[in-house]
Amino acid sequence: MTSSLEHARAAFAARAWREAADAFADAASSAPLAVDDHGRRAVAAFLVGNDVTCERAWDQAYRAAVVAGDGPAAARYAWWIAFCLLLRGRMAQAGGWLTRSRRLVDEAGVECAASGYLLIPEFLGVLDTDPVAAHDLAVQAGEIGARLGDSDLRALGLLTRGQALIGMGRTADGFGCLDDVMLSVTGGEVGPIATGLVYCTVILECMAQFDLARASEWTAALSGWCAAQPDLLPFRGQCLVHRSQLQQSAGDWTSAVATAEEARRRLADPPHPALGLARYQQGELCRLLGHAERAADAYRDASRLGCDPTPGVALLELSRGRSAVASASVRRALQEARTATERPALLTAAVDIFCACGDAAAARSAAEELTTTASASTSPVLEAMAAHATGTVLIIEGEPAAALQHLRSAAQSWRTLKMPYEAARTSVAIGLACAALSDRTGAELEFGNAHEAFLALGAEPDVGRLTALTGGPPPAENLSQRERDVLIHLAAGKTNREIAEALGISPHTVRRHVEHIFTKLGVTSRTAATAHAYEHGLLARTE
């Protein structure tokens with residue numbers, strides 16, 4: 001007859017985590033567990049989301065190792081206790097266990113696994129400020145893991161080395177390390193907790209560097225790993241948010257909505273720091289699908305949970321015709337010390353918003369920063385974002401021919417990357433440039449392509465804006481004479497202040513006229529208003 005302990009060990013080996021956790025609980029109720037069995041019970045409890053049992057089992061493993069006089073083992077278990085406490089935000093207690101682990105390592109007087117694990121918190125403490133020092137710590141941790149045959153420590157060392165190299169600007173070398181460690185993970189060479197950490201960290205780094213192809217590949221691998229272990233609860237939260245973002249980029253918005261909701265549900269109980277990110281992603285999808293009120297609610301929740309909802313909330317305001325509010329929001333965000341990974345999306349939105357407000361100088365500045373960022377990157381996504389932004393700015397600067405060179409490059413990149421929404425947005429911009437060059441046929445083709453893509457995606461707001469742009473009544477029948485005068489100067493790429501000087505009115509009055517023009521034409525940007533002017537021959541009739 002198989003004992004509870006033998007059953008627990010067999011279930012653990014089979015990665016049947018719930019079964020293992022229950023069997024270890026039965027075994028522990030009848031007889032004291034060995035040190036290693038306490039450790040196995042802790043791992044199983046962690047993987048089914050039972051934090052209290054996990055922490056208690058690590059503590060029992062630690063105490064059993066102390067009683068056995070095994071200082072190195074006790075130091076390792078003390079580190080794992082600290083790790084669990086850090087994940088739960090109990091920083092003071094975690095610090096105490098880290099100190100205890102260091103003391104045990106010092107008392108042992110020999111190199112042990114904890115010697116390397118203790119370098120990981122030090123690495124995290126300097127990664128953002130001194131990536132070179134962080135790299136040295138990562139190399140040391142990996143070397144200790146290799147010498148001692150500790151596959152988890154070796155994997156964490158290689159993972160952190162990749163992060164440090166990316167932080168040093170050596171992105172290709174960094175991803176080389178990350179791909180290397182992922183081979184160890186997918187090959188089953190690494191324990192389950194370390195495997196989950198590696199997966200999630202690698203995906204996070206891919207998303208931060210806009211390497212969506214690599215992120216998609218490893219997200220699929222993570223999904224398969226999780227699916228093979230249905231009892232597994234951790235590593236499904238923030239990674240699910242990124243999975244939703246990838247599904248959104250690929251044009252599968254239905255799946256993206258479902259995945260974002262699953263992420264929100266998993267992160268909500270107990271509340272996880274990434275819950276705000278999940279709500280922000282839900283806000284983005286609602287905005288794109290035309291659910292404005294639900295988007296606003298999601299953005300408010302994201303803000304309450306500590307996630308700045310800019311640029312999404314600013315783009316929502318722009319879609320509501322509140323361009324001045326949108327501009328103020330995005331300017332504030334740009335002035336803050338946002339990380340390098342946050343700024344590209346912010347700059348992309350800023351270009352659209354500033355163009356809509358007629359602030360060509362601010363739009364040009366944002367596009368140039370985005371171009372500089374893309375030039376220092378290996379990401380084709382960033383390159384396409386920069387090309388689109390530059391082309392958009394050139395249109396409002398009155399250089400549609402030059403704009404087309406950048407926009408067609410962006411369009412080709414989006415097609416290669418299989419990102420249909422971004423491709424459709426670029427088609428609209430190409431159509432506007434063609435209209436500005438009096439190429440009606442070219443404009444209609446691009447607008448038609450965009451309309452078809454927006455309909456397939458369910459991007460109702462974009463469908464509405466494009467319909468208003470291409471099928472609305474002639475502007476001359478809706479605009480007052482003064483509004484037509486303003487539109488002529490606006491189409492020439494002049495700023496509100498320049499228009500005010502030309503017409504002898506105040507910039508405030510110009511801003512009101514521009515807002516009225518947008519409302520009457522059903523557009524949200526100066527670019528779209530300019531296309532209307534050319535499309536209906538308004539400029540030719542009034543010159």
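# A tour from Lys418 to the second pocket

Select Lys418. At 63% relative accessibility, Lys418 counts as exposed. The scale behind that word: buried is under 20% relative accessible area, exposed is over 50%, and partly exposed is in between, with a 1.4 Å probe and protein chains only. This is a predicted model, where local features need pLDDT of at least 70 and side-chain atom pairs count only at pLDDT 80 or more, while totals for chains, interfaces and linings use all residues. Residues are numbered from 1 along each chain as its sequence is written, and side-chain values use heavy atoms, with hydrogens and water left out.

**Loops with unusual backbone**

Stay on Lys418. Its loop runs between helix H23 (400–417) and helix H24 (420–436). Helices are DSSP runs of H or I with at least four residues, strands are E runs of at least two, and both are numbered from the N terminus. Check phi: Lys418 has a positive value near 60°, although it is not glycine.

Next, Ser438. It sits in the loop between H24 and helix H25 (440–457). Here phi is positive too, near 65°, again in a residue other than glycine. Ser438 is exposed, at 64% relative accessibility.

Now go to Pro311, in the loop between helix H17 (292–304) and helix H18 (312–319). Show omega for the bond from Thr310 to Pro311. The peptide bond is cis, with omega near 15°.

**Zoom out**

Display the whole chain. It has 31 helices and zero strands. Along the principal axes, the C-alpha atoms fill a box of roughly 95 × 45 × 35 Å. Of the 543 residues, 52% are buried. Contact means heavy atoms within 4.5 Å. Among contacts with a separation of 6 or more, 56% join residues 24 or more positions apart.

**Two loops that meet distant residues**

Select Gly358, in the loop between helix H20 (343–357) and helix H21 (360–375). Gly358 is buried, at 4% relative accessible area. Measure across to Leu490: the two are 132 residues apart in sequence, yet 7.7 Å apart C-alpha to C-alpha. Beyond its neighbours within four places in sequence, Gly358 touches Thr495, Asn496 and Arg526.

Then pick Gln209, in the loop between H12 and H13. Its C-alpha atom is separated by 7.0 Å from that of Ser379, 170 residues away along the chain. Neighbours within four places aside, its contacts are Ile166, Thr171, Phe175 and Ser379.

**Helix H13**

Select residues 212–227. The 16 residues of H13 should span 22 Å at 1.5 Å a residue, and the end C-alpha atoms are indeed 22 Å apart. The expected span is 1.5 Å times one less than the number of residues.

Colour by burial. Leu212, Ala215, Trp218, Thr219, Leu222, Trp225 and Cys226 are buried. They cover an arc of only 135° around the axis, so they lie on the same side of H13. The arc is taken from the directions between the helix axis and the C-beta atoms. With 3.6 residues a turn in an α-helix, residues three or four places apart point the same way. Rotate to the other side of H13: Ala213, Glu217, Ala220 and Ala227 are exposed there. Cover for the buried residues includes helix H11 (171–186), H12, helix H14 (238–249) and helix H22 (380–396).

**Helix H3**

Move to H3. Its 13 residues should span 18 Å at 1.5 Å a residue; the end C-alpha atoms are 19 Å apart, which agrees. Ten of the 13 residues are buried, so H3 is largely enclosed by the rest of the structure. Gly39, Arg41 and Val43 are among the buried residues. The covering elements include H1, helix H2 (17–30), helix H4 (51–67), H5 and H12. After H3 comes Gly49, with a positive phi near 85°.

**The second largest pocket**

Which residues lie closest to the centre of this pocket? First, the space: about 430 Å³. Of 19 lining residues, the closest to the centre are Phe12, Gly39, Val43, Trp58 and Asp152. A pocket is an open set of points on a 1 Å grid over the protein atoms alone, where a 1.4 Å probe fits and protein lies on both sides within 12 Å along at least five of seven lines; lining residues have an atom within 4 Å of a point. Points join across faces, edges and corners, and the volume is the space filled by probe spheres set on them.

Show helix H1 (4–13), helix H3 (35–47), helix H5 (71–87) and helix H12 (192–208): each supplies at least two lining residues. H3 gives the largest share, four residues. Finally, colour by class: the lining has 11 nonpolar, two polar and six charged residues. Nonpolar covers Ala, Val, Leu, Ile, Met, Phe, Trp, Tyr, Cys and Pro; charged covers Asp, Glu, Lys and Arg; the others, Gly among them, are polar.
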